[in-house]
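User: Please take a close look at one part of this protein and walk me through its pairing, turns and packing. Then set that part against the rest of the chain.

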Amino acid sequence: MSIESTLFDGGCTCRFVRYRMTTKPLFVHCCHCRWCQRETGASFALNALIEADRVQLLQGEVEIINTPSNSGKGQKISRCPQCRIAVWSNYAGGGDAVRFIRVGTLDEPDRLPPDIHIFTASKQPGSYFRPMCQLWLSTTKHRRCGPRKALNAERLYWHGPHRSSPNA
Ligand SMILES: [Zn+2]
Ligand SMILES: [Zn+2]
């Protein structure tokens with residue numbers, strides 16, 4: 001029997017940037033807001049939220065680009081300085097403590113399906129929801145139908161991480 005690894009490696013397309021998440025994330029959200037749709041050019045963004053000190057830069061460096069955000073406070077998107085792929089970002093709300101890892105940049109993105117779908121009011125046709133996920137229509141209207149992990153995530157998302165021990 002194998003023990004599931006809690007390491008998650010990823011990087012950019014040109015492989016200049018390589019990084020590692022040293023634990024599982026706090027949670028994974030699938031954001032259907034218009035801003036994420038524009039930034040990804042896709043129907044939604046998939047982000048793994050994790051404490052910044054649990055992300056190691058294994059190789060290369062990132063260039064931080066200040067980018068406007070829905071809140072008006074902006075987000076800092078960390079990109080490969082060569083191929084410009086975004087590997088993670090920090091939103092003003094969570095400060096530098098919480099990184100939003102772009103799940104699609106992980107070597108094995110299938111390991112981190114979403115726990116929660118947010119801004120579902122602007123979901124594009126054809127996007128599907130993972131069963132038993134919590135759905136938020138917007139920042140104020142959401143349906144509490146998810147597992148406990150996702151419910152706890154709601155608090156973390158707005159008030160910052162309180163996890164103290166690894167893999168809690
Ligand atoms: Zn690159
Ligand atoms: Zn979004």
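**The S6-S7-S8 region and its setting**

Analyst: Start with a pair of residues: the bridge partner of Ile 77 is Ser 89, which lies in S8. The model is predicted, so local features need pLDDT of at least 70 and side-chain atom pairs count only at pLDDT 80 or more, while totals for chains, interfaces and linings use all residues. Residues are numbered from 1 along each chain as its sequence is written, and chains are lettered from A and ligands numbered from 1 in the order in which they are written.

Two terms come first. Strands (E, at least two residues) and helices (H or I, at least four) are DSSP runs, numbered from the N terminus. Two strands pair if DSSP finds at least two bridges between them.

S7 and S8 (residues 86–91) run antiparallel and are joined by five bridges. On S7's other pairing, five bridges join S6 (residues 63–67) to S7 (residues 75–79), again antiparallel. Within that pair, Glu 63 stands opposite Arg 79 of S7.

Now the turn. The hairpin of S7 and S8 has six residues between the strands. Arg 84 sits in this loop between S7 and S8. Its phi is positive, near 70 degrees, and the residue is not glycine. Most residues other than glycine have a negative phi. Is Arg 84 buried or exposed? Arg 84 counts as partly exposed because it has 13 C-beta neighbours inside 10 Å. The cut-offs are these: buried means 20 or more other C-beta atoms within 10 Å, exposed means 12 or fewer, and partly exposed is in between, with C-beta atoms placed from the backbone.

Ile 65 belongs to S6. It too has 13 C-beta neighbours inside 10 Å and therefore counts as partly exposed. Leaving out residues up to four places away in sequence, Ile 65 touches Ile 77 and Arg 79. Contact here means C-beta atoms, placed from the backbone, within 7 Å. Across the region, the C-alpha atoms of Ile 65 and Ser 89 are separated by 9.1 Å, with their positions 24 residues apart along the chain.

S8 also leads to the interior. It is among the elements that give two or more residues to the largest nonpolar core. Such a core is a set of buried Ala, Val, Leu, Ile, Met, Phe, Trp, Tyr and Cys residues joined through C-beta atoms within 7 Å. This core has 33 residues, and Cys 31, Leu 49, Ile 50, Val 87 and Ile 101 touch the most other members. S4 gives the largest share, five residues. Leu 49 touches Pro 25, Leu 26, Phe 27, His 29, Val 98 and Phe 100, again without residues up to four places away in sequence.

S3 (27–31) is another contributor to this core. Five of its five residues are buried. Phe 27, His 29 and Cys 31 point one way, and Val 28 and Cys 30 the other. In a regular strand the side chains alternate between the two faces of the sheet. S3 pairs antiparallel with S4 over five bridges, and Val 28 has Ala 48 of S4 as its bridge partner. S3 also runs parallel to S10, joined by three bridges. There, Cys 30 stands opposite His 117.

Elsewhere, S1, S2 and S5 form an open sheet of three strands, in the order S1-S2-S5, with antiparallel pairing. Its edge strands are S1 and S5 (55–59), and each pairs on one side only. Four bridges join S1 to S2, and Asp 9 has Arg 20 of S2 as its bridge partner.

The loop between S1 and S2 holds Arg 15. This residue is not a glycine, yet its phi is positive, about 70 degrees. Arg 15 is exposed because it has 12 other C-beta atoms within 10 Å.

Finally, the whole protein. It has two helices and twelve strands. Read along the sequence, the pattern is β-β-β-α-β-β-β-β-β-β-β-β-β-α. Buried residues make up 36% of its 168 residues. Of the contacts with a separation of 6 or more, 51% join residues 24 or more positions apart.

Conventions. Two residues are in contact if their C-beta atoms, placed from the backbone, lie within 7 Å.
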